[in-house]
Amino acid sequence: MPKISKVHASKGLGGYYFDDLHAIKAGAKRDGFFYVGTPMVPRQFKVRQPGESISIMLELDSGEVAFGDAVAIQYSGVVGRDPVLLADEFAPHVARYIAPALEGRELSSLRELGADLEALKTEDGHQIHTGLRYGASQAVLHALALHQHRTMAEVAADEYDTVVSASPIPVLAQSGDDRYDGADKMILKSVPAITQGLFNSVEKIGEKGEVLLGYVEWLRERVLTFGEEGYAPVFHLDVYGMPGRIFNDDVDQIADYFDLLAKAASPFSVRFEAPVDLGSRDGTMDKMVALRTALRERDSSVQICADDWCNTLADVKQFAEAGAADMIQVKAPDLGSITNSAAAVQACKANGVAAFLGGTCNGTDQSSRVTANLALALQADLIYNKPGMGVDEGLMIVVNEMNRVLTLAGTRR
């Protein structure tokens, strides 16, 4: 059994930016690609600032080096999430906490080492940053794959007694604010779910929802006009709690609005992520249960997806068991070790809820490849194209990785 001889860390870039969600919701305005306004979230020195990462490298006694990338999501430090991951502040934590826990250890199993990473505490008794646990656990899975001469998906499937998917996991593409050209790119490449279009303010949805309605009508026509024959994407729209704000969290008004959007999207299906935000986990969860009930009473085809306030493995289990959503985004960087993401996907499936193994546009090429492998191993229902918001680059990384894994695993199946 090989051992981990040394743990290294290097600072790097994320695939996108850290954005201050509180400032944006409060009215910070775009000026080109910048946001003009006063930051409100701690560690945001601007409303929009460059994303950062920390690469955690495990040097094995075989001489091989495995790595994973510690990252945090675009909207860090809000809705119960860990703070903005500034590399200068958190890179020293790798040497202080992670290296002593891993150096000299046998490369046993993902679950065992993932549990040890989850148990790491700072001097004040708090767990180390979720992003650090995420990056270190990626490195462990990569190391196991190097040692076993197999794909990360095959290693993870063995750990969780599953079978690697025989087909690619459907991808949801992100466009950021470039939601028109971005959608055209998605249609050209027949992306299964479109578009995470950054509908994070009243301005982008409309005082009465009219702006988003116009976008859905436009999106439908673009797919009908330019989509390949048989192409039928799901319109998956992340709305950041804005419908709740616009309609005063009245579930009947929100349900009526969603039905209106579903009619505008027909014949394509629609799914809304984070439809409400009550400022707490339980308040948001309870309101989503009520909204889902209201939609069912209307015999609506609309689905809702949980995201904000569903940050931990315990949160995912509670949302799933409560029936608060048709789909839950398992936001991998927020859950810490990828072992938590794996358990969260399994919890969704056990409760009849679709599992969206997400992540962040602010991730890296390596974090994206690792989660693509994990999604294949656990047969998740949806994954993000990532990193970045340019559509093409993230889609290439995730799709190509899945196809490589499927080819290799298929020859050994």
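User: What is Q49 in contact with, leaving aside its neighbours within four places in sequence?

Analyst: In this predicted model, Q49 is in contact with Y17, F18, R43, Q44, V84 and L86. Q49 itself lies in strand β4.

User: Why is Q49 called buried?

Analyst: Let's set the value against the cut-off. Buried means under 20% relative accessible area. Q49 has a relative accessible area of 0%, so Q49 is buried.

User: And what makes F247 count as buried?

Analyst: Here the reasoning uses the cut-off of under 20%. F247 has 12% relative accessibility and therefore counts as buried. You will find F247 in the loop between α10 (242-246) and α11 (251-265). Leaving aside neighbours within four places in sequence, F247 is in contact with K208, Q253, I254 and Y257.

User: How far apart are F247 and K208 in sequence and in space?

Analyst: They are 39 residues apart in sequence, and their C-alpha atoms are 7.9 Å apart in space.

User: Back to β4: which strands form the open sheet, and in what order?

Analyst: Three strands form the sheet, in the order β1-β4-β5, with antiparallel pairing. Neighbouring strands are turned by 20 degrees against each other on average, with direction ignored.

User: What makes β1 and β5 edge strands?

Analyst: β1 (4-19) and β5 (65-70) each pair on one side only.

User: How do you know that β4 and β5 pair?

Analyst: Two strands pair if there are at least two bridges between them. β4 (residues 48-60) and β5 have six bridges, in the antiparallel sense. That meets the cut-off, so the two strands count as paired. You can also look for I54, which stands opposite A70 in β5.

User: Which helix lies across β4 and β5?

Analyst: That is helix α5 (residues 130-148), running at about 155 degrees to β5.

User: Why are α16 and α17 called oblique to each other?

Analyst: The axes of α16 (residues 365-378) and α17 (residues 392-412) cross at roughly 45 degrees and come within 9 Å. Angles under 35 degrees count as roughly parallel, and 65 to 115 as roughly perpendicular. The crossing angle of roughly 45 degrees fits neither range, so the two helices are oblique to each other. α16 passes α17 in a right-handed crossing.

User: Which residues meet there, and how many are nonpolar, polar or charged?

Analyst: On the α16 side, D365, S368, R369, A372, N373 and L376 meet I397, V398, E401, M402, R404, V405 and L406 in α17. By class, the contact has seven nonpolar, two polar and four charged residues.

Terms used: Residues are numbered from 1 along each chain as its sequence is written. This is a predicted model: local features need pLDDT of at least 70, side-chain atom pairs count only at pLDDT 80 or more; totals for chains, interfaces and linings use all residues. Side-chain values use heavy atoms; hydrogens and water are left out. Helices (H or I, at least four residues) and strands (E, at least two) are DSSP runs, numbered from the N terminus. Axes are lines fitted to C-alpha atoms, for helices over the stretch in contact, and angles run from 0 to 180 degrees between N-to-C directions. Contact means heavy atoms within 4.5 Å. Angles under 35 degrees count as roughly parallel, over 145 as roughly antiparallel, 65 to 115 as roughly perpendicular and the rest as oblique. A crossing is left-handed if the near helix is turned anticlockwise from the far one by less than a right angle, and right-handed if clockwise. Ala, Val, Leu, Ile, Met, Phe, Trp, Tyr, Cys and Pro count as nonpolar, Asp, Glu, Lys and Arg as charged, and the others, Gly among them, as polar. Buried means under 20% relative accessible area, exposed over 50%, partly exposed in between (1.4 Å probe, protein chains only).
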